[in-house]
Amino acid sequence: MNIYPVADNIISPMGFDTDQNFNTAMAGGTGIKAIEDNTISPNAFYGAKINNAPELSQFTFLENLFIKSISDGLGQVGGLDMSRTILVVSSTKGNIDLMDAKKAKLFGNRIELHAMAQAISDHFGFRHSPVVVSNACISGVSAMLTAQNLIQMGQYDHAIVTGGDILSEFTVSGFQSLMAISDEPCTPYDANRKGITLGEAVGTILISNNKNTGQPTVEMMGGGQSNDANHISGPSRTGEGLKLAVEKSFKQAGVNASDIDYINAHGTATLYNDEMEAVAFDRLDLLKVPTNSLKGYFGHTLGAAGIIESIMTIKQLVAGQLLVSKGFDELGVTKPLNVVKKQQALVNARLALKTVSGFGGCNAAIIFKKL
Amino acid sequence: MNLEIISYSSITSHSASSNGETITENLTDAPFAEFSKSIYKKLEVPYPKFFKMDELSKLAFLAGEIVLKEIDTANWNGEKVAIILGNKNSSLSSDQKHYESFKDRDNYFPSPAIFVYTLPNIMMGELCIRHKIKGENSVFIQEKFDAQFLYDYVQHLFEAEAYEYCITGWADYLPNNYEAHLFLIRKSSGEDKHPSFSENFKQLIR
Amino acid sequence: MENLKEKLKVEIIELLNLEEMTPADIANDEILFGEGLGLDSIDALELIVLLEKNYKLKIENPEEGKKIFRSINTIAEFIESKQ
C-alpha cells in the first residue's frame, strides 16, 4: 500500500507555516537566539522560542500551537472522511509547564499526554480517540511510522500526525544538569561543537493512502525502529542501533544505500551523538551522501523534531536545494561525513533518508521518494 | 498469523505473579520502594543497576524479569524482539522529583540521574539493556489500558516485520497506584501448548 | 582528611544508590569508574552536583571531572586544595 504525505505545517520561531520556515532557513535565518527569561533559566542561554500569544484561553500555550498547526494542515486538503482519519500525537513532555500547580488548576489533568491529545481532538470534533506516542527524541518519526502502520492495518485511510514540545524550565534545567547545552548556538558535526540548543516547535504532517487527497510531492516509503541496548542516555559507540534502524528502513522501502541521494540526520551537536551517527553512516556506506542537520535552525525540538525535520527533508528534496548544515565549519567526527557546508543543488535526486536517535537508546529512520 | 502468549507477569501493589501464580504478596502494604526490593530479592537477580532506576523502570524491569524467566536472553537474537507498551501517567513521578529540584532558585540542583528518567520510554531502554533487545520499542500513552489497540499493533508488527518475539502490555506508575502486566508473544508453534494471543490477551488483564 | 574521605563514601553510596555497599567496601584508592566500582557517565555528573551542593565547588568541564573523580583520594585532595 502506498502512503503519501499530503499536507504539512511547521510552527517555529522562523514562521507559522512550512513555507515561511523553509524560506527563512534558505535565506540563512535561524530561530535560535540568546534568551534571558528567568521563568525558564536563572542564566541566559541559547534557545529557539516561539513568540505567540495563545488565542484560545481554554487551551494551554502548547495546545494552541497544536491547534494552529493542525488547522493549517487540514486547510490544505478537501474534506477528509473523518470516520477514516486518525490523529497521532507525538510529544515528550507535552504540557509540562502545568507542573506549576497554579497553572494546572486552569487545565485539569492535561499534564497527562492522553488528556492533552484528547482536548485537541475534541476541539476539532475528531471521531476517533487520538493515539499518543512518547518515544523520547525519536517520537516524531515513531508517530509517522505508527500512522503508516495504522493505515496499512486497514483501520484508517488518513492520519493527522502532529508533534510538539515547548521550551521549558523543565527540559532546560535537565539538559543543563547533563552538561549537554552549548553556550553558543549549536554546531552539529563541527570540530568545536559543545552540545545542544533546545528549541520549541510544533509540526503537522497529514498522510494518506489516497494520492488524490492533496497534491503529494513525495511518497513515504517506510521506515524502521531499533534500540541500542547499550545505555539509557549515552549514544552507542558502535552506531549499531542506528545502523539497524536504517537497514530496516531500506528493507521496508526496497532500496539500497547506493540509492540514497540525501540524508537529513539527527545531528544534535553533542560530542557523542554526532560521532555515533558518523560511525553508523560509515558502516552503512553512506558517507558520500550529502548530509545535514537542521538543529542549527530549529534547535532540538524533541517531540516535534522528527516531524518538522521530515517536512523540511521533503521540501529540500522537492526543491532540489539542500540547506547548509547550519553551524558547521570544520569536520569534528572521525569519519569523513559529507556535511553540507554551502547551499547546494540536489540534481535528479529521488530518495531522502531521515534519521533520529534518542534517550532510552532508541533510533528510527524513514525514507521519502520524490514523485 | 497466529500468535501465542508464552508467558505473562503481573505486579500490583498487592502482589507479583507469574502466569497467574503468585510469586510474592505485599502483606504489609509496604510502599513501592520496599515491595519492589523484596520482589528483586525473591527473583535473585544480580543486577545492581536496578537500584539506580526510577520507579517506573523498576516496575517494568521486575515484570520483565518474571515474563522472561524461561528465556535465555543472553543468547537470543535481540534484533528480532520488540517491546510495545501502554502507559497512562508517563514518567510523572520522576517529573515531580525533577521539578522539585529546580523550582526553588535558592536550592537549584537539578539531578542528571533523575532527569534521564523523565521519559516514559526509558523503562523500555532498561529492558533492552538487560535483555539485549534491539528491535522497535514504542510506548503509547493511553487513558486506560487499550488492549485492542496494542493487540492490533503487535499483530501487524509480526506480519509486517520478521519479529520472533514481542513483549507487550501495560506498565504505569504513580506512588500509590501502580501496575505492570507484561506478555511475551511469539509466533504460534501450532501445538496448542500456549494460550493464543487473540483469544486471551484482553481477558488475562484482570 | 580521613574524616572527609569517610564522609565522601557515605555521601556517594547514598547519592548513587550503591545498594548494599558500606564505606568499608570502598578503598580510598579504588578506581571509581569503568572497572573498579563501575560508575558511569551519569554518576560522574551526579558527583559534580554533589561537589557543588555540599562543598560549593563548581566543575565546569566534565573532562576535568574525570581526573578529580578517579578515586576517593583524588576527590578528597581536590576538596582540600580548594578550601
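Helices and strands here are DSSP runs, counted from the N terminus. Everything shown comes from a predicted model.

**View 1. Chain B as a whole, with seven helices and seven strands.** Reading from the N terminus, the elements go β-β-β-α-α-β-α-α-α-β-α-β-β-α. Chain B has a radius of gyration of 17 Å, which agrees with the value near 17 Å for a compact globule because that is what 206 residues would give. Along the principal axes, its C-alpha atoms take up a box of roughly 65 × 40 × 35 Å. Buried residues make up 61% of the 206 in chain B. Take the contacts in chain B with a separation of 6 or more: 66% of them link residues 24 or more positions apart.

**View 2. The surface and charges of chain B.** About 8500 Å² of chain B is accessible, and carbon and sulfur atoms own 45% of that. On the charge side, there are 21 positive and 29 negative side chains, with the centres of the two sets 5 Å apart.

**View 3. Helix 5 of chain B, a mostly covered stretch.** This helix spans residues 122-131, and nine of its ten residues are buried. Among them are B:M123, B:M124, B:E126 and B:H131. What does the covering? Part of it comes from the other chain, namely strand 9 (218-227) of chain A. From chain B itself, the cover includes helix 2 (55-67), strand 4 (81-87), strand 5 (137-141) and strand 6 (165-174). Just past the end of helix 5, B:K132 takes a positive phi of about 55°.

**View 4. Two loop residues with positive phi, A:D285 and B:S90.** Most residues other than glycine have a negative phi. A:D285 is not a glycine, yet its phi is near 65°. Look for A:D285 in the loop between helix 8 (271-283) and strand 11 (291-292) of chain A. B:S90, also not a glycine, has a phi of about 45°, and sits in the loop between strand 4 and helix 3 (92-102) of chain B. Which of the two labels, buried or exposed, fits each residue? A:D285 counts as exposed because its relative accessibility is 66%, and the cut-off for exposed is over 50%. B:S90 has 10% relative accessibility, so B:S90 counts as buried, the limit there being under 20%.

**View 5. The two domains of chain A.** Domain 1 covers 4-213 and domain 2 covers 218-370 in the domain assignment. Their centres, taken over C-alpha atoms, are 20 Å apart. Domain 1 brings 61 residues to the contact and domain 2 brings 65.

Note on methods. Residues numbered from 1 in each chain as written. Chains lettered and ligands numbered in written order. Predicted model: local features only at pLDDT ≥ 70, side-chain atom pairs only at ≥ 80, totals over all residues. Heavy atoms only, no water. Helix = DSSP H or I, 4+ residues; strand = E, 2+ residues; numbered from the N terminus. Rg over C-alpha atoms; globule rule 2.2 N^0.38 Å. Buried < 20%, exposed > 50% of the residue type's maximum accessible area, 1.4 Å probe, protein only. Contact = heavy atoms within 4.5 Å. Areas by Shrake-Rupley, 256 points an atom, 1.4 Å probe, with all protein chains shown as cover. Lys, Arg positive; Asp, Glu negative; His and termini not counted. Charge placed at Lys NZ, Arg CZ, Asp CG, Glu CD. Domains from an automatic or database assignment.
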